[in-house]
Amino acid sequence: MFRKTIITAIFIATLCGSASAQDAKTVIANAQKALGDVKSITYSGSAKDVSFQQCGANSTQMICQDTHNPMRPINNYVRVIDLNAPASRATGATNNIGAGGSTTVSPGTFNQMLSAQQLDVAQPWNNSLEFYITPWGFLKGAAENNATVSQKKADGKSYTVLTWSPTVKAVSGKSYTINGYIDNKNMVDRVETWLGENIMGDMHIVATYSDWRDFGGVTAPARIVQTRGGWPFFEVAVTAAKGNPPDVASLVPPPPARGGRGGGGGGAPPAPPAMTVTTEKLGDGIYRLTTGAGSYDSVVVEFKNYVMMLEAGQSVARATAYVAETKKLFPNKPIRYVMNTHPHSDHTGGLPVLVAEGAIIVTQKNNVKFLDGALNTPRTLLDDQLAKAPKKAKVEAVEEKRVFSDGARTVEMYHVPGAPHSNGLIFAYIPKEKIIFQGDFSVNPGEPANDHVRAIVPVIQKLNLDYDRYINVHASAEPQHKADVEKAMAMPKA
């Protein structure tokens, strides 16, 4: 009797498994049919994007208003998706503010090329996901990667959800997951996945497809919106689409031959070279930490019961080296605070290391929501210090001014309103040693002050801050002083 029961149970489980697989195949086939069973598609219109963790200041909006605001317009946007190759290409015309603090606008070209090699699901997920989060790419991936089916609700609407995983794994060893939400008309309304990201943790990537229309024989969404970590990232207003274009091969040409390829997100990246930290004593209990040319410098300040680090070193590797050096300089004193000058990715990269140390992040008020949400996201796809020993990130705000003092040592922090680069820029002033420490207000010898420097100098003058040394997070070739700033300010703008 027991043996018969076991056999029956196995038979039922086998039937259920087969039914589930068949259900997934049916859902995929119905969705592909609803999308026209195309083998390739091209669509065009206007788009906008943003550099992750920054903003897209451009000819229509010079000043950054917030994280990912504004986004950069992309005119004459065209995307081609070839399911057979598979391959994808997107192009468009952009306008960009100049590098190095310039707000001079110059034209540019948006170009996103995804080759068959990049779209292999055994390759880094951060590259290929841009293809597989499209409705057409998602269904192709679901058909080829043993998708399962379930029923879920999203935004109050019931969906049939297909789920599959690429073969590539996250650095933690965990599988990636991608879900596609199919509505009662068999249209793909939403595709989501997750990617391990240094600041955003298990970063939730969501692409929504709405206002599906017949564009003269092919069905396509008129609106596409992609968010990352809940923040705007990419949008398209589709005005034209064509299924199975006869010239798809020329529209998606093979990539030029070159040795090697970039990418990450699948497997452990190569170990960075060891960093040698050099210290410069700026005063009693104050040191500048640097790793030489190309460094992102930090300043560490000793208080009676703790240490404050100004900036976290740009990367996990440099932050780890700076923390180790700080512990040598000030043994038995915790790093209680770390100042973040602004939320751009090259100035937040080391923060997970400091959070793991228990340090409180001090940043401008406009950055608190972003950093608090990002650094308190689960990190199951990562294997860094914070992933291995999770700790709640604590973020404290600077509005226009904040002073840290223990009676003997004082550090002042000030907001720079109106800076083109970010609406959340702060700098530190150490009055005893007459030091200003700032993030992206670089002064280059022999060059006029850029628009960022022209934003901070009036603030310094209004506050009547008596300073001599002018220290930049981006390592300077030689020490800079007030005289260098004044000389750059006196030069006419280029």
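Strands are runs of at least two residues that DSSP assigns as E, and they are numbered from the N terminus. In the predicted model described here, one such strand is β10, which spans residues 219-228 and holds Arg228. Arg228 counts as buried, because its relative accessible area is 10% and the limit for a buried residue is under 20%. Apart from its neighbours within four places in sequence, Arg228 is in contact with Phe52, Leu129, Glu130, Met200, Met203, His204, Ile205 and Phe233. Two of these partners, Leu129 and Glu130, are also listed among the buried residues of helix α2. That helix, formed by residues 125-132, is mostly covered, with seven of its eight residues buried.

For the protein chain as a whole, the secondary structure amounts to 11 helices and 23 strands. Of its 494 residues, 50% are classed as buried, while the surface that the chain exposes comes to about 22,100 Å², of which carbon and sulfur atoms supply 52%. Among the contacts with a separation of 6 or more, 60% are made by residues 24 or more positions apart.

An open sheet of seven strands, with mixed pairing, follows the order β12-β13-β14-β15-β16-β17-β18. The edges of this sheet are taken by β12 (278-283) and β18 (395-398), each of which has a single partner strand, so one side of each is left without a neighbour in the sheet. On average, and with direction ignored, neighbouring strands of the sheet are turned by 25° against each other.

Within this sheet, strand β14 (residues 298-302) has four of its five residues buried, so it is largely enclosed by the rest of the structure. Strand β13 (residues 286-290) pairs with β14 in the antiparallel sense over four bridges, and in this pairing Tyr287 stands opposite Val300 of β14. The pairing of β14 with β15 is likewise antiparallel and extends over four bridges, with Leu310 in β15 as the bridge partner of Val299. A hairpin of four residues makes the connection from β14 to β15. A parallel arrangement is found for strands β16 (residues 335-339) and β17 (residues 360-364), which are joined by three bridges, and here Tyr337 is placed opposite Ile360 of β17.

Helices also pack against the sheet. Helix α8 (residues 368-375) touches β17 and β18, and its direction makes about 150° with that of β17. Helix α5 lies across β12, β13, β14, β15 and β16, running at about 150° to β13.

The model contains 18 salt bridges. In one of them, Lys140 is joined to Glu144, with the closest N and O atoms 3.0 Å apart; both residues belong to helix α3 (residues 135-144), where they are four residues apart, about one turn of the helix. Lys140 is buried, at a relative accessible area of 16%. Another salt bridge links Arg223 to Glu235, with a distance of 3.7 Å between the closest N and O atoms. Since Arg223 lies in strand β10 and Glu235 in strand β11 (residues 231-243), this pair ties together parts that are 12 residues apart in sequence. Arg223 is partly exposed, with a relative accessible area of 39%, whereas Glu235 counts as buried at 15% relative accessibility. The side chains of Arg379 and Asp384 also meet in a salt bridge, at 2.5 Å from N to O; Arg379 is buried, with a relative accessible area of 8%, and Asp384 is buried as well, at 13%. In addition, Glu280, Arg288, Asp297 and Arg469 are joined into one network by salt bridges that share partners.

Some features of the backbone remain to be described. Most residues other than glycine have a negative phi, and most peptide bonds are trans. Asp37, however, has a positive phi near 50°; this residue is found in the loop between α1 (2-34) and β1 (40-49) and is partly exposed, with a relative accessible area of 45%. Gln314 likewise has a positive phi, of about 80°, although it is not a glycine. Gln314 is located in the loop between β15 (307-310) and α5 (316-329), and it is partly exposed, with a relative accessible area of 25%. The peptide bond from Ala85 to Pro86 is cis, with omega near -20°, and Pro86 is found in the loop between β2 (72-82) and β3 (87-97).

Key. Residues numbered from 1 in each chain as written. Predicted model: local features only at pLDDT ≥ 70, side-chain atom pairs only at ≥ 80, totals over all residues. Heavy atoms only, no water. Buried < 20%, exposed > 50% of the residue type's maximum accessible area, 1.4 Å probe, protein only. Contact = heavy atoms within 4.5 Å. Areas by Shrake-Rupley, 256 points an atom, 1.4 Å probe, with all protein chains shown as cover. Pairing = 2+ DSSP bridges. Axes fitted to C-alpha atoms, helices over the stretch in contact; angles between N-to-C directions. Salt bridge = Lys/Arg side-chain N within 4 Å of Asp/Glu carboxyl O.
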